[in-house]
Amino acid sequence: MTTVDRPDAPPVRTHKPDRTWVGKSIRRVEDPKFLRGRGGYIGDMTVTGMLYAAVLRSPHPHARITGIDTTEASAAPGVHAVITGARAAELCDPLPDFGPNPAAHTWRCLAVDKVRYVGEGVAVVVAESRYLAEDALALIDVEYEPLPAVVDPERALADGAPLVHDDLGSNCAYERTFDFGDVERDFAEADVIVTDRLRWHRSGGQPLETVGAIADFDHATGALTVHTNSLSFTSYLFMVAGTMKIPANKLDVRPLPAGGSFGSKLFATKPAVIAGMCSREVGRPVQYLEDRVDNMSNCDHHGSDRVYEVRLAMMRDGTIRGIDIDTVEDYGAYIQFGVGHHGNALAQVVGPYAMTSVRYRVRAALTNKNQQGAYRGFGSEVNNWMLEQMVDKAARELALDPVELRRRNFIREFPHFIPTGNVYDSGDYDAVLDKALELSEYRHWRDVQAKAREEGRCIGIGLITAQERSVFSATEFWFWFDEPGAPVTSMPESVTLKVDATGGITATLYSCAFWGNSPETMVAQLVAEEFDCDPHDVSIVYQGSKNGLPATGPGGSRTTVMLAGAVEGATAKIKAKALRAAAHLLEANPDDMEWVDGGYQVRGVPEQRKSLADIAVMLHLFKHSFPEDMESGLEDSKVFDHPYTTMPSADRTDLGVFYPFMGHACHVPVVEVDLETGSVSFLAYAAVHDCGTLVNPRSLAGHIVGGTAQGIGTALYEEFVYDDDGQLLTSSFLDYLVPSAMEVPELRIGHHETPSPYTLHGIKGGGEGGRMMAPAAINVAVNDALAHLGVRVTELPITPDRLRAAIRAAGG
Amino acid sequence: MERHDVTLTVNGRTSTVSVEPRKLLVDVLREDLGLVGTHIGCEHGVCGTCTVLRDGESIRSCTTFAVQVDGAELRTVEGLASGSELHPLQDEFWDKQGLQCGFCTPGMLMRACEIVEQKPDVTREEVREGIASNLCRCTGYQFITDAVCAAAARMKAGSTETTGAQA
Ligand code: FES
Ligand code: FES
């Protein structure tokens with residue numbers, strides 16, 4: 001084992017105690033237009049001359065394409081073009097992916113010789129309306145030669161399984177075992193080894209708005225403009241340009257607000273590429289907007305799909321020494337984002353517990369399913385579930401109180417480096433737990449549970465304590481490989497602040513637009529805090545990629561921390577110039593002046609003062625009032641880099657710091673299980689989160705409630721079900737069950753604040769909210785309800801079928 | 001394909017459009033009448049995103065053909081606010097943060113409108129049950145429920161004032 005040479009941590013910051021706007025639940029500045037139905041989503045937008053694209057999808061999970069006849073479709077009314085996979089491969093290069101061996105598993109916007117899952121695109125029609133485009137799809141004649149499909153990830157790795165990508169020679173896309181700390185010793189010295197096999201099935205983001213793009217290729221200049229609700233990675237646009245085979249400086253991606261993402265729109269490059277390709281082919285603007293079936297069967301947000309074999313090394317007093325995780329993950333047919341999900345898990349793999357060693361073996365299996373993408377939590381929610389299941393099982397095996405067992409293992413000194421090398425910046429897990437016990441009326445429910453049990457009712461309490469990491473670093477995309485293809489380390493975010501001649505402030509943001517999070521409100525609050533103005537008076541603009549500054553966009557709960565850093569940096573530059581200008585106008589020494597209530601004044605002499613508007617108007621219109629070297633205008637930008645990352649060690653026994661801001665939460669659902677029907681209902685639900693300093697408590701509460709609702713879906717209802725032959729059985733909201741207002745209980749929410757020592761105001765990210773916790777908490781609650789019957793559920797979602805099967809197996 | 005003339009009164013304004021019989025109401029609203037506030041989430045009648053009011057009752061405009069509602073009175077989200085003044089429901093959705101991405105919001109508001117108009121003293125449980133017709137992927141429904149209850153109370157207080165004066 002080698003240790004990494006760790007650069008110094010960033011200086012510890014002291015935080016301003018009295019804040020005016022940061023920490024206030026203000027009405028969101030984004031909302032009025034959405035309340036009026038004037039959100040301006042992709043589907044609301046038309047461009048002169050626009051045509052519409054629709055994609056023909058494979059009905060087979062695995063088949064060779066032996067012929068496509070498009071004659072009739074091409075001649076259909078209103079049709080401008082029919083593009084097959086073969087033609088698309090001439091027009092465009094493969095789609096970007098983050099997997100190993102990209103040459104051996106080419107991923108394209110349309111399949112060429114073979115389809116690898118139900119829903120994979122095989123041809124696209126461009127027509128005068130979506131109705132006509134879909135009419136023509138029905139006239140395309142595709143000949144398929146069906147091949148045997150493989151659906152189960154473990155079977156996919158076994159000898160003789162049908163190959164998803166012949167050139168790879170195996171369905172194992174990736175395999176590696178990492179050891180962090182002294183795993184052998186911890187397991188050799190353990191009193192008890194708790195083991196389990198756990199299975200998490202796939203669900204997905206399912207935003208109500210699908211992904212889409214309007215592309216306009218200009219043959220005169222070779223430039224492509226794409227309006228889209230996808231593609232946060234402003235800094236990675238060159239990948240789309242590369243696929244489109246155009247210079248990156250000829251591509252302008254203009255961000256539009258999205259009707260939800262939850263990770264689903266992070267890597268969605270396909271719609272932009274399909275619309276772009278069609279526009280170039282027909283010479284007119286083209287809109288491609290997925291319908292629900294497109295989105296469910298061929299998307300970028302099918303989430304984790306894992307089998308775990310886990311061993312926990314325990315001492316009899318409840319001390320957890322180490323964990324040995326062996327996981328097989330089903331990536332589907334292409335390795336879109338590959339191992340990123342596990343990088344996320346490794347950032348907080350030991351949870352809030354002071355373990356000393358971790359073994360992590362991951363095998364990535366290719367199957368005939370939709371490729372995996374990002375879904376809120378991104379692999380960490382699965383890790384939380386696995387770990388809390390194990391801790392809960394350990395408490396039962398050692399006959400220890402589950403609350404006490406957790407408390408015994410809590411990390412209490414910060415900053416704390418976990419065995420993987422990542423840092424936890426700050427935390428107070430006892431305080432969060434105490435708050436949650438009180439808020440949830442834990443003791444009361446234990447009494448209720450005991451009484452109910454006497455009546456034969458099965459009530460369970462699911463207390464879990466888990467982490468919520470935030471602000472990823474790019475190193476987690478490549479530390480999996482000894483020789484990474486692109487060992488990038490930049491993940492910046494930028495802001496431009498402009499003070500106009502009247503003192504009005506406009507903030508320009510450079511990554512994707514609003515996705516349902518609150519970037520505008522948050523930036524407005526931070527600007528208001530710095531400049532002592534009203535957040536509702538701050539104007540927010542999104543800049544397209546052309547003339548854009550480096551930006552990464554949301555993902556991994558990074559937006560608030562990163563934009564806060566950028567706002568702070570841009571503010572500092574503007575205030576420095578404003579100070580110089582004010583001092584000059586007042587003929588005062590800048591050192592004698594201070595910022596007070598929206599302006600600069602001479603310390604102790606309030607009448608010697610210039611407001612921001614006074615300064616701004618002078619800087620805009622009165623050049624001769626200033627020294628020659630003072631430029632007109634009051635505007636500046638900040639490209640803010642990740643506040644704290646370090647490099648991994650060469651042998652990867654230490655991955656460095658790659659997700660340093662560590663939030664924490666305790667969720668306590670109380671459920672009742674109906675033994676006869678296998679249904680689970682909620683009696684209460686309390687959640688306490690600590691995401692450092694809150695910018696807008698209500699918007700964080702929104703993430704917690706909404707995320708918990710999604711977590712309830714993951715725990716009990718939502719699943720992309722493929723049958724044994726690879727047919728997708730859940731391709732509509734009729735069979736993929738998104739929880740409604742009747743399934744989601746009222747939540748009691750508590751906040752706790754342990755500021756980060758390394759960020760502005762001590763902010764940490766919290767965008768993944770309750771989905772990080774709810775699946776684990778609900779599973780633990782269900783197991784608690786059934787423990788006396790010897791029933792333990794180890795598979796999510798806990799559908800009535802699965803629950804009844806478990807009850808039956810225990811003789812119930 | 002043959003076309004039919006369909007006359008619709010939307011938010012008090014009557015127009016006649018010539019459409020194919022297969023054209024969905026939601027597409028007529030969005031494309032022919034330019035009222036893009038009514039959104040499309042699933043196109044198969046489950047999510048409720050496309051909810052509009054027909055003669056005061058909520059319908060799914062994605063599974064309704066425009067020809068089926070020839071002559072109807074419709075209300076969409078565009079008809080809620082008057083000028084710069086938000087409808088109490090819109091104002092309470094804003095105040096209680098009953099929206100995050102805002103995509104389900106127009107359909108949710110129209111459904112809520114039906115609920116509070118039909119039952120001014122609606123209970124919290126009834127609101128939950130009532131809005132279960134509409135999916136929201138962002139909010140977990142809690143703040144929506146808060147908003148609808150607050151708006152119902154406000155609207156009822158408004159009407160008690162006038163009835164109070166009569167009594
Ligand atoms: S779009 Fe009409 S119900 Fe979903
Ligand atoms: S606010 Fe996004 S779906 Fe309801």
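In this predicted model, Ala63(A) stands opposite Val115(A), a residue of β4(A). The strand β2 of chain A, residues 63–69, runs antiparallel to β4(A), and two bridges join them. Both belong to an open sheet of three strands in chain A, with the order β4-β2-β6 and antiparallel pairing. The edges of this sheet are β4 (114–115) and β6 (141–146) of chain A, each of which pairs on one side only.

The pockets are summarised below.

| Pocket | Volume | Nonpolar lining residues | Polar lining residues | Charged lining residues |
|---|---|---|---|---|
| Largest | about 840 Å³ | 15 | eight | 14 |
| Second largest | about 580 Å³ | 17 | six | one |

The largest pocket has 37 lining residues, and those nearest its centre come from two chains: Arg130(A) and Leu289(A), along with Asp27(B), Glu31(B) and Ile40(B). Elements giving two or more residues to this lining are, in chain A, β1 (51–57), α4 (130–137), β12 (286–289) and α9 (292–297), and, in chain B, α1 (25–32). The most comes from α4(A), which supplies four residues. Charged residues account for 14 of the lining of the largest pocket, beside 15 nonpolar and eight polar ones.

The second largest pocket is lined by 24 residues, and Asp97(A), Phe98(A), Met239(A), Gly485(A) and Ala486(A) lie closest to its centre. Its lining contains 17 nonpolar residues, six polar residues and one charged residue.

Notes:
Residues are numbered from 1 along each chain as its sequence is written. Chains are lettered from A and ligands numbered from 1 in the order in which they are written. This is a predicted model: local features need pLDDT of at least 70, side-chain atom pairs count only at pLDDT 80 or more; totals for chains, interfaces and linings use all residues. Side-chain values use heavy atoms; hydrogens and water are left out. On a 1 Å grid over the protein atoms alone, a cavity is a set of points where a 1.4 Å probe fits but cannot get out, and a pocket is an open set with protein on both sides within 12 Å along at least five of seven lines; lining residues have an atom within 4 Å of a point. Grid points are joined across faces, edges and corners, and a volume is the space filled by probe spheres set on the points. Ala, Val, Leu, Ile, Met, Phe, Trp, Tyr, Cys and Pro count as nonpolar, Asp, Glu, Lys and Arg as charged, and the others, Gly among them, as polar. Two strands pair if DSSP finds at least two bridges between them.
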